[in-house]
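Subject: Structure for you to look at

Hello,

Please find the structure below, followed by my notes on it.

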Amino acid sequence: MKKYSMETTVGIFVLAGLLCVAYLTVKLGKLEVLGGDRYPVTARFKDVTGLKTGAYVEMAGVRIGRVSGITLDTKDNMALVRLDIDKGVRLTDDVIASIKTSGLIGDKFVKVSPGGSDDVLGPGGVITETEASVDLGDLIGKYVFGGVK
Amino acid sequence: MNDTLALLFSPVALLGRTVLSVVAELGGFCIFLFQGLYRIVAPRPSAGKIVQQVYFIGVKSIFVIVLIGLFTGMVLGLQGYYTLVKFGSEGLLGAAVALSIIRELGPVLTAIMITGRAGSSMAAEIGIMRISEQIDALWTMGINPMRYLIAPKLAASLICFPLLTAIFDVVGIGGGYLTGVVLLGINPAVYFDRIDAAVELGDVTSGFVKSLVFALLVAAICCYEGYFTHARRDGFGAKGVSLATTAAVVVSCVTILVADYVLTSFLL
């Protein structure tokens, strides 16, 4: 009887621990357990300074996906950003992707503005209309040193 | 002439002797660790033994881990709030609390607490078995003490440390919520949203990698100190056990912090 109750408490402990592990990895760590409810598209940027993997993709202020990878296209030195977009969201092939900052010092995210074309961007499609991230330091430098006319 | 030379080189000889003894100690420790690990896999210890150790190391530590986690989170919430409010960005509190707990404080504080609670008693228990010749008795009965005593503790530590760290992390984030949201009035949605946005899978896994390494180090060091109580040069008998217990806790804690620095510099 004593042994039985010990084994039960150990079981409860392991269960509680595993629940916490699951919360941390799946909820916070964004581990995709059930893949397939998103499709990837790629966006080519001139500059993605500050953007990180896992950043949100928003359209009209609503989250529609995440950044799942940032690599450099060695051919023309452009940044290739892989976006995982929710299945239900329809992107046209002339959408504009721009990198914005939430607030003044917040994280960077990708903002997708809808286009007017009828052609839908399928999985693996490439967004070519992009706006690079705004470098605040650059902007201030231009202003101070007379780059602005 | 010879004497002068000896005198001249005596500090060097001292250095050499110290290095040699440290290296010998490290080598002995590594052999001990690998023997213990081997005994987890090869002639496996009975599952009942491991469950018993999980109960002792894990279940009985929950209370203190929850308490420490809760107050760590609350303190971080308080400190973080008063720092961030100066910049008008108290919304970032969730991210600050969650990241510092998941990356650093969770694994480290959990490991240190378990060292104090379970590690010390491991060292004392094995030390007393050693000085009362129970370990020799095990050998005589044909029972391998590495398999019977050490391997279950190592295995149970490898199970318990990550689980307790996960519990610590979750409770700590809850503690941050208590001070940040309930006491100081941050928007609860913002708190969790920031956590969600800031924490990456890499942060979580690096925390678990750390806790696994700490589990190995703590369990092995504590068992090692106890197992070789009789070989201590600074005391024997009851005094040897007390010294072994002290050494187990001190060496474990220092090793945890050093290993933490090394691991962080590798994982980041």
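In this predicted model, A:Phe45 stands opposite A:Ala79 in strand β4(A). The two strands concerned, β1(A) and β4(A), run antiparallel and are joined by eight bridges; strands pair here if DSSP finds at least two bridges between them. Helices (H or I, at least four residues) and strands (E, at least two) are DSSP runs, numbered from the N terminus.

Two sentences on conventions. Residues are numbered from 1 along each chain as its sequence is written, and chains are lettered from A and ligands numbered from 1 in the order in which they are written. Local features need pLDDT of at least 70 and side-chain atom pairs count only at pLDDT 80 or more, while totals for chains, interfaces and linings use all residues; side-chain values use heavy atoms, with hydrogens and water left out.

The sheet in chain A

A:Ala79 also has A:Leu72 standing opposite, as part of the pairing of β3 with β4. Strand β3 (residues 62–73) and strand β4 (residues 78–86) of chain A are antiparallel, over eight bridges. On β1(A) there is a further pairing, with β7(A), in the parallel sense and over two bridges; there A:Ala43 stands opposite A:Ile127.

These strands belong to an open sheet of eight strands with mixed pairing, in the order β7-β1-β4-β3-β2-β6-β5-β8 (chain A). Its edge strands, each paired on one side only, are β7 (126–127) and β8 (130–131) of chain A.

Chain A has two helices and eight strands, and from the N terminus on the elements run α-β-β-β-β-β-β-β-β-α. Of its 149 residues, 34% count as buried, where buried means under 20% relative accessible area, exposed over 50% and partly exposed in between (1.4 Å probe, protein chains only). Among the contacts in chain A with a separation of 6 or more, 61% are between residues 24 or more positions apart; contact means heavy atoms within 4.5 Å.

Salt bridges

How many salt bridges does a search of the whole structure find? The search finds twelve over all chains, a salt bridge being a side-chain nitrogen of Lys or Arg within 4 Å of a carboxyl oxygen of Asp or Glu.

One of them joins A:Asp73 to A:Arg44, with the closest N and O atoms 3.1 Å apart. A:Asp73 lies in strand β3 of chain A and A:Arg44 in strand β1 (residues 38–45) of chain A, so the pair ties together parts that are 29 residues apart in sequence. A:Asp73 counts as buried, at 14% relative accessibility.

A:Arg44 also meets A:Asp76 in a salt bridge (2.4 Å, N to O). Because A:Asp76 sits in the loop between β3 and β4 of chain A and A:Arg44 in strand β1, this pair ties together parts that are 32 residues apart in sequence. A:Asp76 is partly exposed, with a relative accessible area of 40%.

In chain B, B:Asp260 forms a salt bridge with B:Lys210, the closest N and O atoms being 3.0 Å apart. B:Asp260 is in helix α9 (residues 237–267) of chain B and B:Lys210 in helix α8 of chain B, 50 residues apart. Both B:Asp260 and B:Lys210 are buried. Back in chain A, shared partners join A:Arg44, A:Asp73 and A:Asp76 into one network of salt bridges.

Helices in chain B

Helix α6 (residues 145–183) and helix α8 (residues 201–227) of chain B pack at an angle of about 150°, their axes 8 Å apart. The axes are lines fitted to C-alpha atoms, for helices over the stretch in contact, and angles run from 0 to 180 degrees between N-to-C directions. The residues of this contact divide into 18 nonpolar, three polar and one charged. For that count Ala, Val, Leu, Ile, Met, Phe, Trp, Tyr, Cys and Pro are nonpolar, Asp, Glu, Lys and Arg are charged, and the others, Gly among them, are polar.

B:Lys153 is among the α6(B) residues that meet α8(B). B:Lys153 is buried, with a relative accessible area of 2%. Leaving aside neighbours within four places in sequence, B:Lys153 is in contact with residues including B:Gln53, B:Glu125, B:Ala219 and B:Cys223.

B:Tyr81, in helix α3 (residues 62–84) of chain B, is buried too, with a relative accessible area of 13%. Beyond neighbours within four places in sequence, B:Tyr81 is in contact with B:Leu76, B:Glu90, B:Leu93, B:Leu184 and B:Ile186.

Regards
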